[in-house]
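Q: Please take a close look at one helix of this model and describe how its residues are placed and what surrounds them.

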Amino acid sequence: RVRRVVAAWNEYGWLLLRLSTVTGVDLALATAVLATQLAPRTRRGDRRPPIRFEVHAFYRAWGAQHTAQFDRYFRFSQAGPWQKHAWRPAPEQAWQDVHGSLRSEWGAFEQAALLDREAALLATSLGATQIMGFNYALAGFDSVGQMLDAFIASPRYQVLALFDLIGGPPGDSRAMNALRRGDVDAFAALYNGAAQAAQLAAQLHEAVDAYRQLVRAA
């Protein structure tokens with residue numbers, strides 16, 4: 001957890017200082033939120049942001065109405081649709097693990113975009129802060145394409161979009177107010193849902209502690 005906090009602060013500390021002031025969220029907690037939400041893989045030698053293409057979400061958005069075309073290029077586990085995501089660039093080629101590498105994520109996304117770009121974007125977690133495409137409006141964008149363009153232009157927009165998503169259009173959501181109160185457990189339940197709230201809350205508490213330890217040691 002310390003490494004993730006250090007990475008978040010080293011890259012975005014200047015922006016976190018500003019966000020803490022604007023949102024009224026304690027700096028330690030704002031840093032913890034970013035540290036827990038940053039994708040573990042960062043872009044290297046490539047202007048494209050990290051993404052995670054969700055095959056089952058693309059199936060819901062487009063594939064269910066075009067099953068023959070979908071099945072040529074994509075598959076996922078029927079037992080657990082978030083599992084065993086695979087793709088191939090052509091029916092005669094071997095299946096590849098979608099989530100095996102950033103290159104594979106982009107390859108799967110680009111294949112889906114050839115079939116329906118809008119549906120592919122909506123079904124993809126975009127940027128280092130892992131915002132699903134269908135949340136573009138809550139993140140402050142007019143379209144999912146605009147969100148991707150902004151994320152490609154600068155990682156700064158990816159961080160700002162995370163806090164816009166948390167705050168909602170008026171910036172005064174229940175999740176944002178929970179952060180302002182320092183109520184980590186309430187925020188985790190509101191942001192991640194009841195099923196995964198405990199896991200996120202534990203990560204946030206650890207990240208806050210790590211931040212404060214680093215500040216004391218500085």
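A: What follows is a description of helix α8 and its surroundings. This is a predicted model, in which local features need pLDDT of at least 70 and side-chain atom pairs count only at pLDDT 80 or more, while totals for chains, interfaces and linings use all residues. Residues are numbered from 1 along each chain as its sequence is written, and side-chain values use heavy atoms, with hydrogens and water left out.

Helix α8 covers residues 174–181, where helices are DSSP runs of H or I with at least four residues, strands are runs of E with at least two, and both are numbered from the N terminus. Within α8, the residues A175, M176, A178 and L179 are buried, a term that means under 20% relative accessible area, as against over 50% for exposed and values in between for partly exposed, with a 1.4 Å probe and protein chains only. Because these buried residues fall within an arc of 155 degrees when α8 is seen down its axis, they line one face of the helix; the arc is taken from the directions from the helix axis to the C-beta atoms. In general, an α-helix has 3.6 residues a turn, so residues three or four places apart point the same way. On the other side of α8, R174 and R181 are exposed.

The cover over the buried residues of α8 includes α1 (2–23), α2 (27–37), α7 (155–167) and α9 (184–192), with contact meaning heavy atoms within 4.5 Å. Just after α8 comes G182, which takes a positive phi of about 75 degrees.
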